Every structure is written in structure tokens, then in C-alpha cells.
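This briefing goes through side-chain contacts, strand pairing and surface features. Please look over the sequence and the structure before reading on.

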Amino acid sequence: MQASYAVRGLIYVPRQTSGNKEGNIGQHVIETSVDGNTWTPVARGTWEDDTQTKVVNWRGVQARYLRLTALTEAGNRGPWACAAELQPIIQSSSMSPAPESAGQWGETINFPLVPVAAALIPSTSEVVVWSAWNADFFGDGNGRTVTATYNPSSGIVTQSIVTNTGHDMFCPGISLTKSGLIVVSGGTNAEKTSIYQ
């Protein structure tokens with residue numbers, strides 16, 4: 001950018017070529033800098049392998065430079081990345097309340113799904129989240145669940161699809177056993193109960 005602004009997000013438009021998703025960014029890190037030499041991470045996550053516009057928001061920070069680093073290609077088709085468009089989101093006012101009086105948000109975590117439920121995995125301190133049979137749609141109850149695991153130490157989000165349980169876990173009850181296993185009851189498949197190991 002030509003000057004330093006209070007930047008609070010980034011808009012990423014993947015490739016829009018019909019039927020060709022090569023180069024869609026999957027795992028990524030977004031960093032800001034005021035001088036182009038010292039970089040601070042403000043967001044990280046994994047984007048879905050589709051053509052929908054991705055919007056990432058974070059607490060406004062002063063920056064002249066933005067860096068988007070693609071760690072993986074979303075469809076694992078090769079070691080490349082592309083974008084149809086990248087656009088910074090500039091905060092309309094650079095006035096922010098002092099963190100000690102209003103709290104403070106850290107960098108955002110961009111999941112490749114809408115996280116409807118979440119649980120902490122006691123043995124690893126990772127967070128497992130899930131949506132439904134699809135990353136951003138529910139209602140079928142077809143016995144699969146799109147999940148992702150977030151590792152707070154590395155900032156990496158890994159997506160997986162659970163089919164072996166025959167359990168669509170959209171909007172379930174969640175509890176922990178005495179030994180720390182996650183028990184997921186109900187959801188779209190109300191009669192099902194699964195244990196996360």
C-alpha cells in the first residue's frame with residue numbers, strides 16, 4: 001500500500017475459471033508489517049477448495065504491507081497458489097479502545113467449515129470442531145461429518161471427513177469421560193453416539 005493504514009482484514013477471491021480450481025489456497029498465514037522487514041502474524045487457517053470469496057477479519061493493526069503465505073494448495077493438486085483478487089480491509093477509524101480497558105482479540109483462526117460444535121482434546125490441547133455432512137450446510141443426516149482440528153501451538157488447521165461412524169454430528173450434545181475422551185451424542189442423527197479418540 002502507498003501508506004500505513006489501520007488494516008482489519010483481507011478479502012481473497014480464488015481463481016474463477018470454470019471447472020478449474022488449481023491453485024486455490026488451503027492452509028495459509030496472513031502477516032502485516034509497517035516497514036516490510038518485521039512481520040507479525042494476524043490470521044491463519046485453512047480455506048475450502050471452492051470459488052467463493054474468503055473474508056478474514058482481525059483486530060485492526062497499523063500496516064503498510066500485507067503478506068499472504070499459502071502453505072498448501074486446497075485440493076492437494078500441486079505446489080502452486082493463485083488468486084483472482086486480494087483486497088485489504090481498511091478500518092474506517094484508527095481509534096481503538098485501550099486493550100487493558102476493553103479486552104483484546106488475537107489473530108483469527110480460519111476454519112474450512114462453519115464450526116457448529118467444538119471440544120478441547122485434553123491429551124493434545126488441540127481443538128476439534130465440526131459442522132455437519134457438508135462444510136457449510138446441514139439437514140441431510142447422511143452419516144458423515146466434516147471436521148477440523150486446530151493446533152494452537154503451530155496454528156495449523158487440518159480438515160477431515162468422518163464417515164466410519166455413520167453419524168452426522170450437526171448440533172450435538174458434547175461431554176467428556178473421566179479419562180478425557182470426547183463423547184458426541186445426537187445431532188442430525190439423533191440416535192447416534194460417538195467417541196472421539
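Arg 67 is partly exposed, because its relative accessible area of 33% falls between the limits for buried and exposed. The model is a predicted one. Arg 67 appears below in two contacts: a salt bridge with Glu 31 and a position over the ring of Trp 39.

**Contacts of Arg 67**

- Arg 67 and Glu 31 form a salt bridge in which the closest N and O atoms are 3.0 Å apart.
- This salt bridge joins distant parts of the chain, with Arg 67 in strand S5 (residues 65-70) and Glu 31 in strand S2 (residues 27-33), 36 residues apart.
- Glu 31 is buried, with a relative accessible area of 14%.
- The charged end of Arg 67 also sits over the ring of Trp 39, at 4.1 Å from the ring centre.

**Other salt bridges**

- Four salt bridges are found in a search of the whole structure.
- Side chains of opposite charge can pair when their charged atoms come close.
- Lys 54 and Asp 50 meet through their side chains in a salt bridge with an N to O distance of 2.2 Å.
- Both residues of that pair are buried: Lys 54 has a relative accessible area of 8%, and Asp 50 has 18% relative accessibility.
- Glu 73 forms a salt bridge with Arg 77, and the closest N and O atoms are 2.9 Å apart.
- Glu 73 counts as buried at 3% relative accessibility, whereas Arg 77 counts as partly exposed at 32%.
- A network of salt bridges links Asp 49, Glu 73 and Arg 77.

**Aromatic pairs**

- The structure contains four aromatic pairs.
- One of them is formed by Tyr 12 and Trp 47, whose ring centres are 4.7 Å apart; the planes are at 15°, so the pair is stacked.
- Tyr 12 lies in strand S1 (residues 5-13) and Trp 47 in the loop between strand S3 (40-46) and strand S4 (54-63), so the pair ties together parts that are 35 residues apart in sequence.
- Tyr 12 is buried, with a relative accessible area of 1%, and Trp 47 is buried at 7% relative accessibility.
- The rings of Phe 111 and Tyr 150 have centres 6.3 Å apart and planes at 75°, so this pair is edge-to-face.
- Phe 111 is in the loop between strand S7 (108-110) and strand S8 (117-121), while Tyr 150 is in strand S10 (residues 145-151); the pair links distant parts of the chain, 39 residues apart.
- Tyr 150 is buried, at a relative accessible area of 14%.

**Strand pairing**

- Strands S12 (residues 173-176) and S13 (residues 182-185) pair in the antiparallel sense over four bridges.
- Ile 174 stands opposite Val 184 in S13.
- The hairpin of S12 and S13 has five residues between the strands, and Gly 180 in this hairpin takes a positive phi near 95°.
- S13 and strand S14 (residues 193-196) run antiparallel and are joined by four bridges.
- Val 183 has Ile 195 in S14 as its bridge partner.

**Surface features**

- Met 1, Tyr 5 and Ile 90 make a nonpolar surface patch of about 230 Å².
- Tyr 5 belongs to strand S1 and counts as partly exposed at 35% relative accessibility.
- Asn 164 is placed in the loop between strand S11 (156-162) and S12, and counts as exposed at 72% relative accessibility.
- Asn 164 and Arg 144 are 20 residues apart in sequence and 7.8 Å apart in space, C-alpha to C-alpha.

Notes: Residues are numbered from 1 along each chain as its sequence is written. This is a predicted model: local features need pLDDT of at least 70, side-chain atom pairs count only at pLDDT 80 or more; totals for chains, interfaces and linings use all residues. Side-chain values use heavy atoms; hydrogens and water are left out. Rings of Phe, Tyr and Trp (its six-membered ring) pair if their centres lie within 6.5 Å; planes under 30 degrees apart count as stacked, over 60 as edge-to-face and the rest as tilted. Helices (H or I, at least four residues) and strands (E, at least two) are DSSP runs, numbered from the N terminus. Buried means under 20% relative accessible area, exposed over 50%, partly exposed in between (1.4 Å probe, protein chains only). A charge sits over a ring if NZ of Lys or CZ of Arg is within 6 Å of the ring centre and within 35 degrees of the ring normal. Patches are made of residues with over 30% relative accessible area and no salt bridge: like charges are joined within 9 Å, nonpolar side chains (Val, Leu, Ile, Met, Phe, Trp, Tyr) within 5 Å. Accessible areas come from the Shrake-Rupley method with a 1.4 Å probe; for residues, only the protein chains shown count as cover. Two strands pair if DSSP finds at least two bridges between them.
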